[in-house]
Amino acid sequence: PAALAAAPRGVATVLSRSPLPLADDVLARLSIPSPRFAVSAAGRRSPMSVMSMSTKAKFETTKGSFTVELMTEEMPITSANFVDLANSGYYNGLTFHRVIKNFMCQFGCPNSKDPNSPLAGTGGPKGGTTFTLPDGTVIERNAGGNIPDELIDMTSNEPGTLSMANTGAPNSGGSQFFINTVHNSFLDHFDKSTPSKHPVFAKIVDGMDVIKDIEASPTGPGDKPKTPVVVDSITIMEE
């Protein structure tokens with residue numbers, strides 16, 4: 001997923017398989033190949049108070065549906081970035097472009113709309129676009145479409161969690177994320193055993209069986225499912 005990752009490795013390559021990859025192997029396979037830039041924030045913080053409520057997202061896929069609960073209080077920037085992209089239809093029609101059994105399922109690259117594209121896994125939002133936090137703060141994505149890192153919450157990369165993909169460089173997350181299917185604690189930003197820093201921003205609350213079904217998909221070169229798994233829509237729900 002670009003995710004796990006350590007420093008950018010250049011063009012994505014197919015690495016040799018190992019049961020649960022060595023850190024470097026995993027990082028390379030989960031890295032977003034294209035380097036990004038730092039992010040800027042614009043706007044002013046509103047004094048308005050925000051009532052605490054649950055924000056969920058329902059994914060409709062060709063394998064079935066699953067629902068996640070966003071960590072809006074713990075991870076306000078990352079969650080709001082996801083909500084903005086989901087509400088705009090950005091994710092509709094994209095495919096899971098990298099699936100590794102006993103590891104994770106990666107999603108969110110705009111180039112994955114064509115499941116055969118060699119650029120799947122390298123894309124992100126348009127640079128300079130903005131989104132608004134619940135308290136009124138406006139965040140501007142940088143020139144590479146990236147958002148600021150939120151390395152603040154201590155939720156681990158446990159099974160069923162959604163975590164931001166990045167290149168390993170600071171502030172290099174955009175639209176891509178991965179769903180952990182095992183406990184990948186070495187990807188936690190607070191785990192010092194590897195340089196990986198992948199913050200969790202949501203948890204699956206319904207449909208983990210669908211994720212396991214996606215994880216079981218036969219894959220080909222680049223860990224791409226041989227039969228594309230498409231996300232038809234994502235619906236944001238406030239409860």
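In which sense, antiparallel or parallel, do β3 and strand β11 (residues 200–206) pair, and over how many bridges? With this predicted model open, select the two strands together: β3 and β11 pair in the antiparallel sense, and four bridges connect them. Within this pairing, pick out E69, which stands opposite K203 in β11.

Keep E69 selected and turn to the other neighbour of β3. Strand β2 (residues 55–61) and strand β3 (residues 64–70) run antiparallel and are joined by six bridges, and the two strands form a hairpin with two residues between them. On this side K56 stands opposite E69 in β3, so that E69 can serve as a landmark for both pairings, being set against K56 and also against K203 in β11.

Next, the salt bridges, of which the model has five. Begin with K58 and E60, whose closest N and O atoms are 3.7 Å apart in a salt bridge. Colouring by accessibility will show K58 as partly exposed, with a relative accessible area of 32%, and E60 as partly exposed too, at 31%.

Now select R141 and D84, whose side chains meet in a salt bridge with an N to O distance of 2.9 Å. This pair links distant parts of the chain, since R141 lies in the loop between β8 (138–140) and β9 (161–164) while D84 belongs to helix α2 (residues 76–87), 57 residues apart. Are R141 and D84 buried or exposed? R141 counts as buried because its relative accessibility is 2%, whereas D84, at 28%, counts as partly exposed.

From there, move to helix α3 (residues 208–215) and select E215 and K212. The salt bridge between E215 and K212 has its closest N and O atoms 2.7 Å apart. The two residues are separated by about one helical turn, because they are three residues apart in α3. Here E215 counts as buried at 3% relative accessibility, while K212, at 37%, counts as partly exposed.

The last part of the tour concerns the aromatic side chains, among which there are 13 aromatic pairs. Select F103 and F186 for a stacked pair, with ring centres 6.3 Å apart and 25 degrees between the planes. F103 sits in the loop between β5 (98–100) and β6 (104–107) and F186 in the loop between β10 (177–180) and β11, so that the pair links parts of the chain 83 residues apart. Both F103 and F186 are buried.

For another geometry, select F177 and F201. Their ring centres are 5.9 Å apart and their planes stand at 85 degrees, which is why the pair counts as edge-to-face. This pair, too, links distant parts of the chain, with F177 in strand β10 and F201 in strand β11, 24 residues apart. F177 is buried, as is F201.

Finally, widen the selection from F177 and F201 to the aromatic cluster that includes them. Which residues form this cluster? Its members are F59, F66, F82, Y90, Y91, F96, F107, F177 and F201. With the cluster displayed, bring back strand β11 (residues 200–206), where the tour began with its antiparallel pairing to β3, and where F201, the edge-to-face partner of F177, is located.

Notes: Residues are numbered from 1 along each chain as its sequence is written. This is a predicted model: local features need pLDDT of at least 70, side-chain atom pairs count only at pLDDT 80 or more; totals for chains, interfaces and linings use all residues. Side-chain values use heavy atoms; hydrogens and water are left out. A salt bridge is a side-chain nitrogen of Lys or Arg within 4 Å of a carboxyl oxygen of Asp or Glu. Buried means under 20% relative accessible area, exposed over 50%, partly exposed in between (1.4 Å probe, protein chains only). Two strands pair if DSSP finds at least two bridges between them. Rings of Phe, Tyr and Trp (its six-membered ring) pair if their centres lie within 6.5 Å; planes under 30 degrees apart count as stacked, over 60 as edge-to-face and the rest as tilted.
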